[in-house]
Amino acid sequence: QVHLVESGGGPVQAGGSLRLSCAVSGYTDSRHVMAWFRQAPGKEREGVAAIYVYDGDTYYADSVKGRFTISQDNSKNTMYLQMNSLKPTDTAKYYCASGTPQSGVRWWLDSSWYNYWGQGTQVTVSS
């Protein structure tokens, strides 16, 4: 059974940085994709970034390109999201998710493709 646990959220001022972590357990191979999603109150869950575990290819939503970096440390079975230049609009609960790769370049933005989810960690950016 795959298990995902996020950590690292909290309050931060606009312009600041945070690093989220997602501890992963239960996978026996690297043929999957890990992603970060976020959901603000009253809004739909949206894809933020994704990484293909087997080759390290990364993808970002336009809203976070140049500010957020997704990475992985396979020796620690952990995925990260480094968030810089944070804005109040980044305030949301952030979730890590994993799933089987699909065809196309934007499939990763669709939360319905992901099989496993963490419990989420809150990020609150104040102005």
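**Pocket, disulfide and strand pairing**

Strand 3 (18-25), strand 7 (68-73) and strand 8 (78-83) each put at least two residues into the lining of the largest pocket. This comes from a predicted model. The pocket holds about 230 Å³ of space. Its lining runs to 16 residues, and V24, H32, V53, N74 and N77 are the ones that lie nearest the centre. Sorted by character, the lining residues come out as 9 polar, 5 nonpolar and 2 charged.

The strands that feed the pocket also turn up in an open sheet. Here 4 strands line up in the order 1-3-8-7, with antiparallel pairing. Strand 1 (3-7) and strand 7 sit at the edges with a single partner strand each, so one side of each has no neighbour in the sheet. From one strand to the next, the twist averages 15°. Strand 1 and strand 3 run antiparallel and are joined by 5 bridges. Within that pairing, E6 stands opposite C22 of strand 3. Another residue of strand 1 is V5. With a relative accessible area of 36%, V5 is partly exposed, since the buried class stops at under 20% and the exposed class starts at over 50%.

C22 brings the story to the disulfide. The count for the model is 1 disulfide, and it is formed by C22 and C96, whose sulfur atoms are 2.1 Å apart. C22 belongs to strand 3 and C96 to strand 9 (residues 92-99), so the bond ties together parts that are 74 residues apart in sequence. The torsion about the S-S bond is about 55°, so this disulfide is right-handed. Neither end of the link is open to the outside: C22 has 0% relative accessibility and counts as buried, and C96, also at 0%, counts as buried too.

Strand 9 itself is well tucked away. Of its 8 residues, 7 are buried, so the strand is largely enclosed by the rest of the structure. Several antiparallel partners are found for this strand. Strand 4 (residues 33-39) is joined to strand 9 by 7 bridges, and in this pairing M34 stands opposite S98. Strand 10 (residues 114-117) pairs with strand 9 over 3 bridges, again in the antiparallel sense. There the bridge partner of S98 is Y116, so S98 has a partner in strand 10 as well as M34 facing it. Strand 11 (residues 121-126) also runs antiparallel to strand 9, with 3 bridges between them. In that pairing A92 stands opposite V123.

Two pairs of residues give a feel for distances across the model. V5 and A92 are 87 residues apart in sequence, and their C-alpha atoms are 17 Å apart in space. For V64 and S85, the separation is 21 residues in sequence and 9.6 Å in space, again C-alpha to C-alpha. V64 is found in the loop between strand 6 (58-60) and strand 7. Although it is a loop residue, V64 is buried, with a relative accessible area of 0%.

Terms used:
Residues are numbered from 1 along each chain as its sequence is written. This is a predicted model: local features need pLDDT of at least 70, side-chain atom pairs count only at pLDDT 80 or more; totals for chains, interfaces and linings use all residues. Side-chain values use heavy atoms; hydrogens and water are left out. On a 1 Å grid over the protein atoms alone, a cavity is a set of points where a 1.4 Å probe fits but cannot get out, and a pocket is an open set with protein on both sides within 12 Å along at least five of seven lines; lining residues have an atom within 4 Å of a point. Grid points are joined across faces, edges and corners, and a volume is the space filled by probe spheres set on the points. Ala, Val, Leu, Ile, Met, Phe, Trp, Tyr, Cys and Pro count as nonpolar, Asp, Glu, Lys and Arg as charged, and the others, Gly among them, as polar. A disulfide is a pair of cysteine sulfur atoms within 2.5 Å. Buried means under 20% relative accessible area, exposed over 50%, partly exposed in between (1.4 Å probe, protein chains only). Two strands pair if DSSP finds at least two bridges between them. Axes are lines fitted to C-alpha atoms, for helices over the stretch in contact, and angles run from 0 to 180 degrees between N-to-C directions.
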